[in-house]
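Biologist: I am new to this structure and should like to understand the terms used to describe it. May I ask you to set each value against its definition?

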Amino acid sequence: MTNHAHPHDDDWSSAGFSTRAIHAGQDPDPATGAVVPPIYATSTYKQDGVGGLRGGYEYSRSANPTRTALESALAAAEGGAAGFAFASGLAAEDTLLRATLRPGDHVVVPNDAYGGTYRLIARVFGPWGIEHTPVDLSDADAVVAAIQPGRTKVVWVETPTNPLLGVADIAVLAAHARAAGALLVVDNTFATPYLQQPLALGADVVVHSTTKYIGGHSDVVGGALVVADGAQLPVGLESPTGTTNLADAVRFHQNASGAVAGPFDAWLTLRGLKTLAVRMDRHESNARAIADFLVAHDAVTSVIYPGLDSHPGHEVAARQMTGFGGMVSFRTGSEASALAVCGATHVFTLAESLGGVESLIEHPHKMTHGSVAGTELEVPDDLVRLSVGIEDVADLIADLDAALAEGRAA
Ligand SMILES: *Cc1c(COP(=O)(O)O)cnc(C)c1O
């Protein structure tokens, strides 16, 4: 690679995943040679004469060099044309929905969507005139039946889903969405770009809660959008800037609504992204061992992990992912035993969220998915969700074994 004077302009697009995650957008600082992009804690930038911007930077809501580094790296990691970093995953989703929907439009949502995504679409966008239909995304015929041609502008996909780890066929759903003039959005938080590349499978835009695996250390909240090369707004829609280009529309809304990632958060998230591949390899091997342990355990009535042959989405997952990830859910047969297991672990920490190096356990019905209780998205009350961390797997298994014994007693 030649040494460019200006940061962020090396082309890493033909490099492998980890090379892109570690280098794209992160050329050494031209002024000092700093190997790591600095935290540019500045709100504004000196202009060399009115309108004489250095490197295009004017005001940090519009752009900040630390955020630019993260956005470039995320775009490279997902194989997209443009990345956008936000204050949270839901802020990213909110901006995307504002950019792509107008009153009277309709959205197809997964019937086991992330609770906060469902709440945003149903309870924030609903009153602004957006209708939605929850559907089982593993059933392509049901998705086709739910699409209202001319009205459906977004088909929202999560795969694997949270917390039931349902698997949807991205390529098939992308074709159906395109035929109806709708966008295919994939929330790639659970799989990560290391294990699944939705844009290459035909998605228009990828959503992330970078709070999870990309940040990876449970120390920062953030979100991202990555837009596919050439992606357009839903048929018939123009952005307020008069373009139909989806990345331009998202850029306009990111600046106009302003839910951006701050430079400290962008820096931490970028630090996490660099080690994503090695972390995911360990998350996955630990998760696989734990899934096998749980399958053989008589206090467990069922185990949900896309890597198991018994999982209904196993074949699709094996085709469209390069690994099955670090999330494992299981059922214990009663709410009391599920709650007892969640309260009895010592290595697994009882907490919401996922994707960090430390293992977490939770009861979705009462915790992460409490906001969807009583709706079609309600999850079983004997379900336990594990975010398997990267500790020594023998310690994780011993911890679960002891907790399951307490669950059985409950
Ligand atoms: C956490 C999460 C979100 C929301 O992200 P925040 O960073 O918490 O706003 C969206 N989708 C999925 C799959 C998540 O796990």
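**The ligand and its surroundings**

Modeller: In this predicted model, a polar backbone atom of glycine 89 is 2.9 Å from an oxygen atom of the ligand.

Biologist: What makes the approach of glycine 89 to an oxygen atom of the ligand a polar contact?

Modeller: A polar contact is a pair of N or O atoms within 3.5 Å. The distance at glycine 89 is 2.9 Å, so the pair meets that cut-off. Leucine 90 also qualifies, with a backbone N or O atom 2.9 Å from an oxygen atom of the ligand. At serine 209 a polar side-chain atom lies 2.8 Å from an oxygen atom of the ligand. On its own the ligand has 380 Å² of accessible area, and the protein covers 92% of it.

Biologist: Which residues come nearest to the ligand?

Modeller: Of the 14 residues around it, these are Gly89, Asp187, Ser209, Thr211 and Lys212. By class, the shell has 4 nonpolar, 7 polar and 3 charged residues. Helix H3 (residues 89–100) gives the largest share of the shell, 3 residues.

**Helix pairs**

Biologist: Why are H10 and H13 called roughly parallel?

Modeller: Angles under 35 degrees count as roughly parallel. Helix H10 (residues 276–295) and helix H13 (residues 393–409) pack at about 30°, their axes 10 Å apart. H10 and H13 are therefore roughly parallel to each other. Their crossing is right-handed.

Biologist: What is the angle between H3 and helix H4, and why is H3 called oblique to H4?

Modeller: The axes of H3 and helix H4 (residues 115–125) cross at roughly 45° and come within 10 Å. That angle makes H3 oblique to H4, because it falls outside the ranges for roughly parallel, antiparallel and perpendicular. H3 passes H4 in a right-handed crossing.

**Backbone exceptions**

Biologist: What makes the backbone at proline 160, proline 163 and threonine 192 worth a remark?

Modeller: Most residues other than glycine have a negative phi, and most peptide bonds are trans. The bond joining threonine 159 and proline 160 is cis, with omega about -10°. The bond from asparagine 162 to proline 163 is also cis, with omega near 5°. Proline 160 lies in the loop between strand E4 (152–158) and helix H6 (170–179), and proline 163 lies in the loop between E4 and H6 as well. Threonine 192 is not a glycine, yet it has a positive phi of about 75°. Threonine 192 lies in helix H7 (residues 192–195).

Terms used: Residues are numbered from 1 along each chain as its sequence is written. This is a predicted model: local features need pLDDT of at least 70, side-chain atom pairs count only at pLDDT 80 or more; totals for chains, interfaces and linings use all residues. Side-chain values use heavy atoms; hydrogens and water are left out. A residue is near a molecule or strand if one of its heavy atoms lies within 4 Å of it. A polar contact is a pair of N or O atoms within 3.5 Å; within protein, one must be able to donate a hydrogen and the other to accept it, and residues adjacent in sequence count only if both atoms are side-chain atoms. Accessible areas come from the Shrake-Rupley method with a 1.4 Å probe; for residues, only the protein chains shown count as cover. Helices (H or I, at least four residues) and strands (E, at least two) are DSSP runs, numbered from the N terminus. Ala, Val, Leu, Ile, Met, Phe, Trp, Tyr, Cys and Pro count as nonpolar, Asp, Glu, Lys and Arg as charged, and the others, Gly among them, as polar. Axes are lines fitted to C-alpha atoms, for helices over the stretch in contact, and angles run from 0 to 180 degrees between N-to-C directions. Angles under 35 degrees count as roughly parallel, over 145 as roughly antiparallel, 65 to 115 as roughly perpendicular and the rest as oblique. A crossing is left-handed if the near helix is turned anticlockwise from the far one by less than a right angle, and right-handed if clockwise.
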